[in-house]
Amino acid sequence: MERLDKFLSAGGAGTRSQVKELLKAGRVSVDGLPERDPGRKIDPQKNTVCLDGEILGGRRRVVLMLHKPAGYVTATEDARERTVMELLPPEYRHLDVKPVGRLDKETEGLLLFTNDGQLLHRLISPRQEVPKVYYARHEGWASREDVEAFAQGLQLRDGTRCLPALLEPLGPGESRITVREGKYHQVRRMMASRGMTVLYLQRQKEGGLELAELPLGKTRELSEAEIQTLERE
Ligand code: URA
């Protein structure tokens, strides 16, 4: 539950004092009835709030891209750790978005969120072999044999088999890795199986989407065209 004035303001209706004026002028309704009390408690998931008859913060579909920093767990709640949800701008918090897949606490990079349940389901389905591109700094230097082992499909130390993947050595202790699945700690475990401990990991791409210039810790909303590209993948 949250205050109506706060909800309106976070939803882009204006500053708190502008919102007060809108309320006073009778331009806001909650569940179809005019509401003038800025302190009225509303549940954005249950109540329909309109400004001049237009639904505000209704469950419009959004897909967000976050440049995740290290130190946050990919979860909607956690008793001890900071979660990626804390990094989302307030205007998205009431839209009920959830992370698409997972990045480890110490991994940085591209993480998507959506409130479209069907899209979420499709994107995390193991059948969706969407390529994901990672940049890693690691111990050692990836060799031609390592590249071949990745291409053939690695066997991890616990016996798990991986799909063929692309390992591109970029220099001493630096590689780009492209995988088409998302097992637990996948890239770290793949590199470890070849004796290279990962020291830093960043997801740069997921399918046709790229982190590009998005600054660390920042979020951007995908355009409808980008969402359609995702859906086609
Ligand atoms: N592989 C990993 O090891 N960690 C991630 O967060 C993502 C892929």
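Author: Domain bounds here come from an automatic or database domain assignment. The model is predicted, so to speak: local features need pLDDT of at least 70, side-chain atom pairs need 80 or more, and totals for chains, interfaces and linings use all residues. Residues are numbered from 1 along each chain as its sequence is written, and side-chain values use heavy atoms, with hydrogens and water left out.

Reader: Which domains each give at least three residues to the shell around the ligand?
Author: The shell (residues with a heavy atom within 4 Å) includes Leu103, Asp104 and Thr107, along with His185, Gln186 and Val187. Set those against the domain bounds, and the contributors are domain 2 (63-126 + 209-232) and domain 3 (131-206).

Reader: Which helix supplies the largest share of that shell?
Author: Gln186, Val187 and Arg188 are among the surrounding residues. Helices here are DSSP runs (H or I, at least four residues). The largest share, 3 residues, comes from residues 186-193, helix α6.

Reader: Which side chain has an N or O atom 2.7 Å from a ligand nitrogen?
Author: Polar contacts are N or O pairs within 3.5 Å. Ligand oxygen atoms meet polar backbone atoms of His185 at 3.2 Å and of Gln186 at 3.4 Å. For the ligand nitrogen, the side chain at 2.7 Å belongs to Asp104.

Reader: How much of the ligand's accessible area does the protein cover?
Author: Areas come from the Shrake-Rupley method with a 1.4 Å probe. On its own the ligand has 240 Å² of accessible area. The protein's cover comes to 95%.

Notes:
Polar contact = N/O pair within 3.5 Å; in protein donor to acceptor, adjacent residues only side chain to side chain. Helix = DSSP H or I, 4+ residues; strand = E, 2+ residues; numbered from the N terminus.
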